[in-house]
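Me: I am new to this structure and should be grateful for a close look at a single part of it. Please describe the aromatic rings and their surroundings in one connected account.

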Amino acid sequence: MFGGKPWQDWIEQYGHSHQNPVNRFFHTLGIPMIAASIPIAILVLLFAPGWWPLPAVLFIIGWIFQFIGHAAEGKPPEFLKDWRYLFVGLRWWWAKIRGKA
């Protein structure tokens, strides 16, 4: 799926498209919002159907943050060039939180 390319190479390429501090800030907030919205949506659908707006709002605001960041960066999101970058963002975020990105 990832073409034999090591994760570190994917993360480094992702990082090159996320140099602007505003973009990095919005991605630091938006990526975990999107990631958290998915398991929350599953739990809500199973146990509390009336709460569906919560994960929906997290997901939508998370994506809005991504696009605000890319507007500040002046570059399109990497996933528009290669859909596999949709799976790299969370790894980049984790590396950034650990001081490795």
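Reply: Two rings of Phe, Tyr or Trp, the six-membered ring being taken for Trp, count as an aromatic pair if their centres lie within 6.5 Å. In this predicted model, there are 11 aromatic pairs. One of them joins Tyr14 and Tyr85, whose ring centres are 6.4 Å apart and whose planes meet at 25 degrees. The pair is classed as stacked because planes under 30 degrees apart count as such. Tyr14 belongs to helix H1, whereas Tyr85 lies in the loop between H3 and helix H4 (89–97), so that the pair links distant parts of the chain, 71 residues apart. Tyr14 and Tyr85 are both buried. The two tyrosines also belong to a wider group: together with Trp10 and Trp92 they form one aromatic cluster.

Charged side chains accompany some of the tryptophans. Lys5 is placed over the face of Trp10, at 4.2 Å from the ring centre. Arg91 is placed over the face of Trp7, at 3.9 Å from the ring centre.

Beyond helix H1 (7–16), the chain enters a loop that leads to helix H2 (21–47), and Ser17 lies in this loop. Ser17 has a relative accessible area of 4% and is therefore buried. Apart from neighbours within four places in sequence, Ser17 is in contact with Asn23, His70, Glu73, Lys75 and Glu78.

As to confidence, the average pLDDT of the chain is 91, and 99% of the residues score at least 70. Helix H1 has the lowest mean pLDDT among the elements of the chain, at 86, while helix H3 (residues 53–73) has the highest, at 97.

How values were computed:
Residues are numbered from 1 along each chain as its sequence is written. This is a predicted model: local features need pLDDT of at least 70, side-chain atom pairs count only at pLDDT 80 or more; totals for chains, interfaces and linings use all residues. Side-chain values use heavy atoms; hydrogens and water are left out. Helices (H or I, at least four residues) and strands (E, at least two) are DSSP runs, numbered from the N terminus. Buried means under 20% relative accessible area, exposed over 50%, partly exposed in between (1.4 Å probe, protein chains only). Contact means heavy atoms within 4.5 Å. pLDDT is the predictor's confidence in each residue, from 0 to 100. Rings of Phe, Tyr and Trp (its six-membered ring) pair if their centres lie within 6.5 Å; planes under 30 degrees apart count as stacked, over 60 as edge-to-face and the rest as tilted. A charge sits over a ring if NZ of Lys or CZ of Arg is within 6 Å of the ring centre and within 35 degrees of the ring normal.
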